[in-house]
Amino acid sequence: MILIDIAALLIGYLFGSIPFGLILTRMAGTQDLRSIGSGNIGATNVLRTGRKGLAAATLLGDALKGTAAVLIAFAFGGEDAAMLAALGAFLGHLFPVWLKFKGGKGVAVYIGVLLGLLPFGALVFCVLWLGTALTTRYSSLSALVAAFVTPIFLWWFGHLQLASLFAILTLLLFWMHRDNIRRLLAGTEGKIGEKK
């Protein structure tokens with residue numbers, strides 16, 4: 001059982017560490033993603049290349065790598081293995097060994113692993129994100145609000161193990177957004193669609 005758990009964590013990490021943003025932008029011939037904007041490898045920074053299609057593909061790839069890791073782990077190890085794969089995928093995206101442990105901020109992977117573990121939870125996250133984004137036009141704040149509410153939602157509806165897992169993922173997501181939080185508090189965070 002311990003070997004299955006370790007395998008699930010490693011499979012999750014390997015899936016999570018696939019840098020879709022970097023791969024897709026290189027294939028498209030854009031400049032190195034790490035040299036523009038925030039230097040991040042996620043979909044938000046890909047959007048700064050001006051290629052909306054690439055940004056959408058990055059978002060989808062980053063989400064589905066989390067979903068795939070969870071579903072594969074569930075198939076051979078059950079729910080506990082799936083949750084470990086989710087943790088591994090999230091850590092792999094945030095700290096990919098191939099990129100000197102400098103990865104993305106985790107929003108897409110958060111959605112993807114939630115989709116694999118509890119699809120309705122992923123829908124709730126997306127609705128919260130969209131509602132906050134339409135109200136405030138802050139992408140980062142939308143992610144923070146949705147991630148803050150998700151473990152509470154899971155706990156409220158009796159998914160205690162998932163609530164504990166996503167509480168950990170939420171803390172990590174907040175840590176990765178610490179610069180965004182500072183800018184939000186200072187009133188200098190960029191809004192969705194805002195021209196620099």
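# Close-up views of a predicted model

**View 1. Asp179 and Arg182 are joined by a salt bridge.** At 51% relative accessibility, Arg182 counts as exposed. The model shown here and in the views below is predicted. The partner of Arg182 in the salt bridge is Asp179, and their closest N and O atoms are 2.4 Å apart. Because Asp179 and Arg182 are three residues apart in helix α9 (residues 178–186), about one helical turn separates them. Asp179 has a relative accessible area of 40% and is therefore partly exposed. The structure holds three salt bridges; the next two views show the others.

**View 2. Arg183 and Glu189 meet through their side chains in a salt bridge.** The N to O distance of this pair is 2.7 Å. Arg183 counts as partly exposed, its relative accessibility being 33%. Glu189, by contrast, is buried, with a relative accessible area of 9%.

**View 3. A salt bridge links Lys65 and Asp62 within helix α4.** The side chains of Lys65 and Asp62 meet at 3.2 Å, N to O. Both residues belong to helix α4, where they lie three residues apart, about one turn of the helix. Lys65 has a relative accessible area of 4% and is buried. Asp62 is buried as well, with a relative accessible area of 2%.

**View 4. The largest nonpolar core has 30 residues.** Among these residues, Tyr110, Val113, Leu117, Leu154 and Phe166 touch the most other members. At least two residues of this core are supplied by each of α4 (52–94), α5 (107–117), α6 (119–136), α7 (139–156) and α8 (160–176). The largest share, eight residues, comes from α4. Apart from this core lies another one, of eight residues, which include Leu33, Ile36, Leu54 and Leu99.

**View 5. Tyr110 and its contacts in the largest nonpolar core.** Residues up to four places away in sequence are not counted here. With these set aside, Tyr110 touches Phe90, Phe125, Ala147, Thr150, Pro151, Phe166, Leu169, Thr170 and Leu173. One of these contacts, Thr150, is the subject of View 7.

**View 6. Helix α5 is largely enclosed by the rest of the structure, because nine of its 11 residues are buried.** The buried residues of α5 are Ala108, Val109, Tyr110, Ile111, Gly112, Val113, Leu114, Gly116 and Leu117. Their cover includes α4, α6, α7 and α8.

**View 7. Thr150 is a buried residue, with a relative accessible area of 2%.** Thr150 is located in helix α7. The side chain of Thr150 reaches the backbone oxygen of Ala146 at 2.7 Å. When residues up to four places away in sequence are not counted, Thr150 touches Tyr110, Leu114, Phe125 and Phe166.

**View 8. Six named residues, Phe148, Ile152, Trp155, Trp156, Phe157 and Leu160, make a nonpolar surface patch.** The area of the patch is about 770 Å². Helix α7 contributes its largest share, four residues. Phe148, one of the residues of the patch, is found in helix α7. With a relative accessibility of 51%, Phe148 counts as exposed, because the limit for that class is over 50%.

**View 9. Phe101 and Arg137 are residues with a positive phi.** Most residues other than glycine have a negative phi. Phe101, which is not a glycine, has a positive phi of about 65 degrees. Phe101 is placed in the loop between α4 and α5, and its relative accessible area of 47% makes it partly exposed. Arg137 is not a glycine either and has a positive phi of about 65 degrees. The place of Arg137 is in the loop between α6 and α7. Arg137 is partly exposed, with a relative accessible area of 38%.

**View 10. Ala43 and Lys105 are 62 residues apart in sequence and 9.7 Å apart in space.** This distance runs from C-alpha to C-alpha. Ala43 is found in helix α3 (residues 43–47). At 17% relative accessibility, Ala43 counts as buried, because buried means under 20%. Leaving aside neighbours within four places in sequence, Ala43 is in contact with Ala55, Thr58 and Leu59.

Definitions and conventions
Residues are numbered from 1 along each chain as its sequence is written. This is a predicted model: local features need pLDDT of at least 70, side-chain atom pairs count only at pLDDT 80 or more; totals for chains, interfaces and linings use all residues. Side-chain values use heavy atoms; hydrogens and water are left out. A nonpolar core is a set of buried Ala, Val, Leu, Ile, Met, Phe, Trp, Tyr and Cys residues joined through side-chain atoms within 4.5 Å. Buried means under 20% relative accessible area, exposed over 50%, partly exposed in between (1.4 Å probe, protein chains only). Contact means heavy atoms within 4.5 Å. Patches are made of residues with over 30% relative accessible area and no salt bridge: like charges are joined within 9 Å, nonpolar side chains (Val, Leu, Ile, Met, Phe, Trp, Tyr) within 5 Å. Accessible areas come from the Shrake-Rupley method with a 1.4 Å probe; for residues, only the protein chains shown count as cover. A salt bridge is a side-chain nitrogen of Lys or Arg within 4 Å of a carboxyl oxygen of Asp or Glu. A polar contact is a pair of N or O atoms within 3.5 Å; within protein, one must be able to donate a hydrogen and the other to accept it, and residues adjacent in sequence count only if both atoms are side-chain atoms.
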